[in-house]
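Student: I should like a close look at one part of this model, namely a charged pair and its surroundings. Please take me through it in one connected account.

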Amino acid sequence: MGVLPSQRLRALIDGGAIAAETPVAPGQVQPASLDLRLGRFAVRVRASFLAGAGRTVEARLPDFEMHRFDLSGGAVLEKGCVYLVPLMERLALPEGLEGVANAKSSTGRLDLLTRTICDGGVEFDRIPEGYRGPLWAEICPRSFSVLARPGMRLNQLRLREGASTLSDEELRALHGRVPLVHGADAAIDEGLAFSVDLSGVGRVGWRAKPHAGVIDLDRIGHYAPRAFWEEIRAEDGRIILDPGAFYILMSREAVTIPPDHAAEMAPYLAMVGEFRVHYAGFFDPGFGHGVAGAGSRGVLEVRCHEAPFALEHGQVVGRLLYERMAAVPDELYGQGIASNYQGQALKLSKHFAEP
């Protein structure tokens, strides 16, 4: 019981439970998730929506569709607009298996809101047990317009069998066996607390510029950071978040995800301030495991809401929910696979050159 590892995902692909119009490529299979690929066209819609119980996404589209267009030659998804794109993958899950999806790390770091929806869905990013049918990506660029093509991988799917999330008691026991936090105390309360690092005297973060250009999602290490971002420096361990602005910050804690566990970042309670940590992300088995200096720090994608907010060094902004793996994956994060953020510092998405 737990989150399915890479070898179980491959078995589901071989057995047809995960299928695609273009065969699933080996590189899509991650230690505890499957990268999902954009299909051939996009639909501009006037509002975000869910299919709802007993209804299909396709049947709901006429209520919301503005126009559709081909992605084959590349097309711009404009900032502030909402799009639906059919995904190449479709599912025929056996009973007992359910799914949870999320934006990939590089997607979140671009402030590119990407959520998965399915037929009969009543929640974003949740695939019900035994689901059989197509998948769609809802995409809303928030800070930057992007150039998209078929086959691009913006979100990922994790499959799990049974209850997998550790209780606080189980999390404390795991921390006793394998230190999960380095450089700070382990604050465990409905998960492992994640706090922000604003202690530096130099750059402590980045803020997205409001009128930047288009980002081609296929260009890796291509863009100059300062064409899209401005540096953030703290005063006395504090920054003021501007309403509507998007920030890339760094966690104070360096964390470890043991090989037999995975984790998901969940947003902290809204009552702690007028902001939220955006795009709760997956942490694969092996993240921060065996890294020199112990652990890897997490990048925080933060959006401020209605009022300016003073964010202080060490303030808790999120929590990590640890999950059991059904088995140890045959490949771990950072070992033999393309892992962009192992041992990371304050790092923008892979599309940007080093500053």
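Tutor: Arginine 160 counts as buried, because its relative accessibility of 14% falls under the 20% limit. The model is a predicted one, and in it this arginine forms a salt bridge with glutamate 98, with 3.3 Å between the closest N and O atoms. Since arginine 160 belongs to strand β13 (residues 153-161) and glutamate 98 to strand β8 (residues 97-103), the pair ties together parts that lie 62 residues apart in sequence. Glutamate 98, at 30% relative accessibility, counts as partly exposed.

A second pair may be set beside it. Glutamate 138 forms a salt bridge with arginine 115, and here the closest N and O atoms are 2.9 Å apart. This pair, too, links distant parts of the chain: glutamate 138 is in strand β11 (residues 132-141) and arginine 115 in strand β9 (residues 112-118), 23 residues apart. Glutamate 138 has a relative accessible area of 2% and is therefore buried, whereas arginine 115, with 21%, is partly exposed.

In a third pair, the side chains of glutamate 312 and arginine 238 meet in a salt bridge at 3.0 Å, N to O. Glutamate 312 lies in strand β25 (residues 309-312) and arginine 238 in strand β19 (residues 238-241), so this salt bridge ties together parts 74 residues apart in sequence. Glutamate 312 is partly exposed, at 30% relative accessibility, and arginine 238 is also partly exposed, with a relative accessible area of 35%. To return to the opening pair, Glu98 and Arg160 are joined with Arg158 and Glu323 into one network by salt bridges that share partners. The count of salt bridges in the model comes to 27.

The nonpolar residues complete the picture. In soluble globular proteins, nonpolar side chains tend to be buried together. The largest nonpolar core here has 52 residues, and Leu38, Ile215 and Trp229 are those with the most contacts inside it. Strand β7 (residues 82-92) supplies the largest share of this core, four residues. Beyond its neighbours within four places in sequence, leucine 38 is in contact with several residues, including Val85, Pro86, Leu87 and Met88. Its other contacts include Ala137 and Ile139, as well as Ala148, Met152 and Leu154. A second, separate core has 33 residues, among them Val181, Leu192, Met265 and Phe283.

Definitions and conventions:
Residues numbered from 1 in each chain as written. Predicted model: local features only at pLDDT ≥ 70, side-chain atom pairs only at ≥ 80, totals over all residues. Heavy atoms only, no water. Core = buried A, V, L, I, M, F, W, Y, C linked by side-chain atoms within 4.5 Å. Buried < 20%, exposed > 50% of the residue type's maximum accessible area, 1.4 Å probe, protein only. Helix = DSSP H or I, 4+ residues; strand = E, 2+ residues; numbered from the N terminus. Contact = heavy atoms within 4.5 Å. Salt bridge = Lys/Arg side-chain N within 4 Å of Asp/Glu carboxyl O.
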